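Trainee: Before we examine the model, may I ask how each descriptive term is justified?
Mentor: Certainly; each answer will set a value against its definition.

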Amino acid sequence: MRRWNGWGDASIRMELPPEGLALLQQHIGDGRICPDYPLDKFLERIPATRLPQHPLVIDAPRQRLECAHGQSLPDWIRLRGGTLKHFPDGVAQPSNVEDLRTILNYAGDNNTVVIPYGGGTSVAGHLAVCESERPVLSVAMQRLNRLIDIDGPNLLATFEAGIRGPDLEKQLNAKGFTLGHFPQSFEYSTLGGWVATRSSGQQSRHYGRIEQLYAGGEVATFKGQLKLPPFPASAAGPDIRQLVLGSEGRMGILSRVIVNILPLPEVNDIHGVFFPSWDSACKAVQALAQSQISLSMIRLSNPSETTANLMLAGSAQQVTWLKRFLRFRGIDPDLACMGLIGYIGTARQARVARSEAGSIIRRFKGVSAGKQIGDAWKKNRFRSAYLRNTLWELGYAVDTLETAVNWDKVTETMNRVENALAQALESVNERILTFSHLSHVYANGSSIYTTFVFRLADSPQKTLDHWRKLKQAASRAIVEAGGTISHHHGIGRDHLPYLEAEKGAVGINTLRQMFAYLDPNRQMNPGKLLP
Ligand SMILES: Cc1cc2nc3c(=O)[nH]c(=O)nc-3n(C[C@H](O)[C@H](O)[C@H](O)COP(=O)(O)OP(=O)(O)OC[C@H]3O[C@@H](n4cnc5c(N)ncnc54)[C@H](O)[C@@H]3O)c2cc1C
């Protein structure tokens with residue numbers, strides 16, 4: 001069963017090794033353990049609905065609480081601290097496209113705000129219910145989860161938009177295909193949510209971001225059904241699919257999604273590699289990204305993330321073995337940068353890629369640590385998110401930030417963001433643990449993904465204030481460095497103040513006009529994406 005106030009399945013727990021706790025205590029201090037606000041108290045506090053009854057709309061408190069938040073840190077703080085104030089008035093659970101049309105008509109007739117709810121895994125405040133004089137209706141997509149068609153000869157598949165990652169992959173795999181989209185939130189996030197937030201999966205180097213995978217489909221809007229055929233290419237003016245991507249529920253509700261699929265690969269291996277310094281590692285990764293070598297992933301942790309990963313997730317025995325191995329290969333474990341390189345395709349393609357990538361890695365003094373590290377990473381690829389629950393219970397909050405910049409700015413931006421975070425709570429004497437990795441690399445630049453851990457404060461409001469200071473400092477550093485405010489988490493509510501710096505006033509107004517045509521009464525997820 002899904003946890004009501006944290007990440008994932010309530011029966012799964014990720015333990016923190018003693019070395020991990022020691023690292024947190026050393027960098028941040030002892031955690032401040034805060035009691036969780038009880039579920040029954042929340043349910044008692046949910047106000048009466050303002051919506052008229054409808055057979056497709058539930059007003060039960062539990063469902064309304066579930067749809068009142070996503071997985072952003074402010075969502076967590078409000079949920080676990082009991083300060084979440086705004087809830088949808090009802091939750092609609094459409095089972096087919098006709099239901100969606102009925103729901104939009106009902107919302108239109110009752111001047112109701114509509115928030116499409118996919119898997120509820122947003123980390124940017126997309127699902128937060130803003131204070132509103134109008135009633136608010138969440139449209140939970142979980143019943144719109146069917147496979148419509150697998151078109152093998154054209155390598156296309158059509159699904160209803162509410163299908164979750166594992167269900168989608170299972171049905172494709174059974175016919176020998178894959179979508180290959182594996183965000184860390186794979187267990188719960190949905191196809192419609194991926195498109196609406198411009199998501200990126202862990203093996204995007206080979207399969208592409210959702211932009212490359214999204215071939216078309218249908219969107220239910222207040223102006224009618226928008227149909228987007230899966231042309232292989234088209235010069236018929238601007239591509240409307242690009243406007244649906246990243247629309248964050250402002251345009252309408254994606255009902256069906258057509259995706260590009262691929263046959264399952266024969267080999268899908270990930271190998272670990274270590275570099276003696278950030279400088280050599282970054283140059284190697286840039287060379288790999290700019291080569292024509294077919295790789296499924298190139299991921300590079302900076303020295304602090306390399307250490308943190310080993311301490312937070314590895315066993316003491318593995319860490320000792322690895323340090324010995326690194327010293328033997330002439331690498332100082334404190335400066336080491338761990339890389340993960342994915343080889344995919346036929347056995348021959350993977351072998352050739354390994355040999356070609358190997359010579360680049362060696363040129364930059366990297367040493368291969370083999371497949372074992374990659375296998376361990378694969379095993380935990382969706383489980384490491386559960387550490388957020390464990391750390392919270394120990395009195396620490398964890399959040400992540402991401403951007404993308406051109407290669408010449410990667411190191412400087414990473415350092416600026418980490419420094420901004422490290423200094424953001426100096427005035428209140430709180431220390432922060434930060435570490436970063438490059439996870440999606442391109443010929444012209446890379447994403448930078450930074451994790452920060454800080455201590456819970458003695459009240460939810462203070463913890464939220466601390467988070468705000470941290471987020472603001474890091475977001476400003478990103479904007480000043482010329483990075484995008486989001487590489488793959490989207491805008492939602494949390495990144496909204498920084499969007500204009502990137503799009504400019506003309507860009508923002510263009511988007512605003514487009515949404516105004518489709519949604520003239522500003523009913524679709526207002527307060528997100530655009531001010
Ligand atoms: C632990 C964790 C790890 C994560 N890892 C990754 C990662 O590796 N890569 C990545 O890209 N993201 C990641 N995320 C962020 C998140 O999973 C993505 O943004 C995801 O795409 C959201 O999908 P969802 O179905 O949960 O959408 P929701 O969170 O339910 O909704 C997100 C937005 O999309 C809109 N939306 C959802 N469904 C529809 C629809 N059918 N029609 C119209 N609008 C819709 C909502 O209104 C909202 O604005 C992670 C999140 C967590 C908590």
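**Terms and their grounds**

Mentor: Helix H4 is followed by Gly82, whose phi is positive, near 80°. Helices (H or I, at least four residues) and strands (E, at least two) are DSSP runs, numbered from the N terminus. This is a predicted model, in which local features need pLDDT of at least 70, side-chain atom pairs count only at pLDDT 80 or more, and totals for chains, interfaces and linings use all residues. Residues are numbered from 1 along each chain as its sequence is written, and side-chain values use heavy atoms, with hydrogens and water left out.

Trainee: Why is H4 called largely enclosed by the rest of the structure?
Mentor: Buried means under 20% relative accessible area, exposed over 50% and partly exposed in between (1.4 Å probe, protein chains only). In H4 (residues 73-81), 8 of the 9 residues are buried, so the helix is largely enclosed. Among the buried residues are Asp75, Trp76 and Arg78. They pack, with contact meaning heavy atoms within 4.5 Å, against elements including helix H2 (39-45), strand S19 (445-455) and helix H18 (460-481).

Trainee: How do you know that Glu402 has no salt bridge?
Mentor: A salt bridge is a side-chain nitrogen of Lys or Arg within 4 Å of a carboxyl oxygen of Asp or Glu. Lys471, the nearest side chain of opposite charge, is 6.7 Å from Glu402, which is buried. For charge, Lys and Arg count as positive and Asp and Glu as negative, while His and the chain ends are not counted. Glu402 lies in strand S16 (residues 396-406).

Trainee: Which backbone nitrogen lies 2.8 Å from a polar atom of the side chain of Glu402?
Mentor: That of His487; the backbone nitrogen of His489 lies 3.3 Å from a polar atom of the same side chain.

Trainee: What makes Trp7 and Tyr188 an edge-to-face pair?
Mentor: Rings of Phe, Tyr and Trp (its six-membered ring) pair if their centres lie within 6.5 Å; planes under 30 degrees apart count as stacked, over 60 as edge-to-face and the rest as tilted. The search of the whole structure finds 9 aromatic pairs. Trp7 and Tyr188 form one that is 5.5 Å centre to centre with 80° between the planes, hence edge-to-face. Trp7 lies in the segment before helix H1 (18-27) and Tyr188 in the loop between strand S7 (177-178) and helix H7 (191-197), so the pair ties together parts 181 residues apart in sequence. Both residues, Trp7 and Tyr188, are buried.

Notes
Polar contact = N/O pair within 3.5 Å; in protein donor to acceptor, adjacent residues only side chain to side chain.
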